[in-house]
Structure formats: C-alpha cells, structure tokens
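Hi there,

Here is the structure I promised to pass on to you. Have a look at it first, and then read on for what turned up.

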Amino acid sequence: MPVRVTIYSGPGCSLCDKAKRLVERVAQDVPLTVEEVDITQDEGLYDRYRYAIPVIALDGKVVMAGKVTEFWLRKALRGESLERESLSALDYRP
C-alpha cells in the first residue's frame, strides 16, 4: 500500500518547489500518494507552519520541516528514526 506523503507549502517558496521535485523523484521507485497543501488557505496551518515550510508528513505524521533531503525522506519511508534536526524548523519563532 502506498505511503501518503503530504507536502505543506506556500506560494513562491523555492524550498517547497525543491521538496516537491525530490518527492516526485523518490516516487519513481517507492509507491507514494502525494498531496500538496497550501498553508495560506488555512489559518491554523499558516500559524503553525509559516516559518517552517516545506513540511513533509508521512501518513499524517510530520517528519521533516524546513530542510528536506532525499536521505531523510528515504530513511523515514523505511520507518527509521530521523535526527531531531529534521524538525528543527518547527522550533523557530521570531
């Protein structure tokens, strides 16, 4: 059964565009269903993720924020634990 990947992003976000391309590349050899969510369309998501996008969730669980790498994505898809750094962007508050 494919893993559901949700990419939380925003318009004009170059890191989000890069993350989308990375997920598409991984989807060539790993069964995934991909959903993109524009955080500017939901006030709660915008408040939660505006300083952290792109944010990647696998089957509803956030696993990466800010810095998305193929290494971390593949590791998360295998069910392996990621370094705390993969979520560090969620801690940023100006």
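Which residue in E2 is the bridge partner of Val5? It is Val34. Please keep in mind that this is a predicted model.

That pair belongs to a wider pattern: E1 and E2 run parallel and are joined by 7 bridges. In general, strands of a sheet pair through backbone hydrogen bonds, either parallel or antiparallel. Here 4 strands make an open sheet with mixed pairing, in the order E2-E1-E3-E4. Its edge strands, E2 (32-38) and E4, each pair on one side only. On average, neighbouring strands are turned by 25 degrees against each other, direction ignored.

Two helices pack on this sheet. H1 touches E1, E2 and E3, and its direction makes about 165 degrees with that of E1. H3 touches E1, E2, E3 and E4, and its direction makes about 20 degrees with that of E3.

Next, the interior. The largest nonpolar core has 17 residues, and Val5, Val23, Ile56 and Met64 are among those with the most contacts inside it. Two or more residues each come from E1 (3-9), H1 (14-26), E3 (55-58), E4 and H3 (70-77). H1 gives the largest share, 4 residues. Apart from this core lies another, of 13 residues, including Val37 and Tyr49.

Met64 is a nice residue to zoom in on. You will find Met64 in strand E4 (residues 61-65). Met64 counts as buried because its relative accessibility is 0%, and the cut-off is under 20%. Beyond its sequence neighbours up to four places away, Met64 touches Ile56, Trp72 and Leu73, among others.

Enjoy exploring!

Technical notes. Residues are numbered from 1 along each chain as its sequence is written. This is a predicted model: local features need pLDDT of at least 70, side-chain atom pairs count only at pLDDT 80 or more; totals for chains, interfaces and linings use all residues. Side-chain values use heavy atoms; hydrogens and water are left out. Buried means under 20% relative accessible area, exposed over 50%, partly exposed in between (1.4 Å probe, protein chains only). Contact means heavy atoms within 4.5 Å. A nonpolar core is a set of buried Ala, Val, Leu, Ile, Met, Phe, Trp, Tyr and Cys residues joined through side-chain atoms within 4.5 Å. Two strands pair if DSSP finds at least two bridges between them. Axes are lines fitted to C-alpha atoms, for helices over the stretch in contact, and angles run from 0 to 180 degrees between N-to-C directions.
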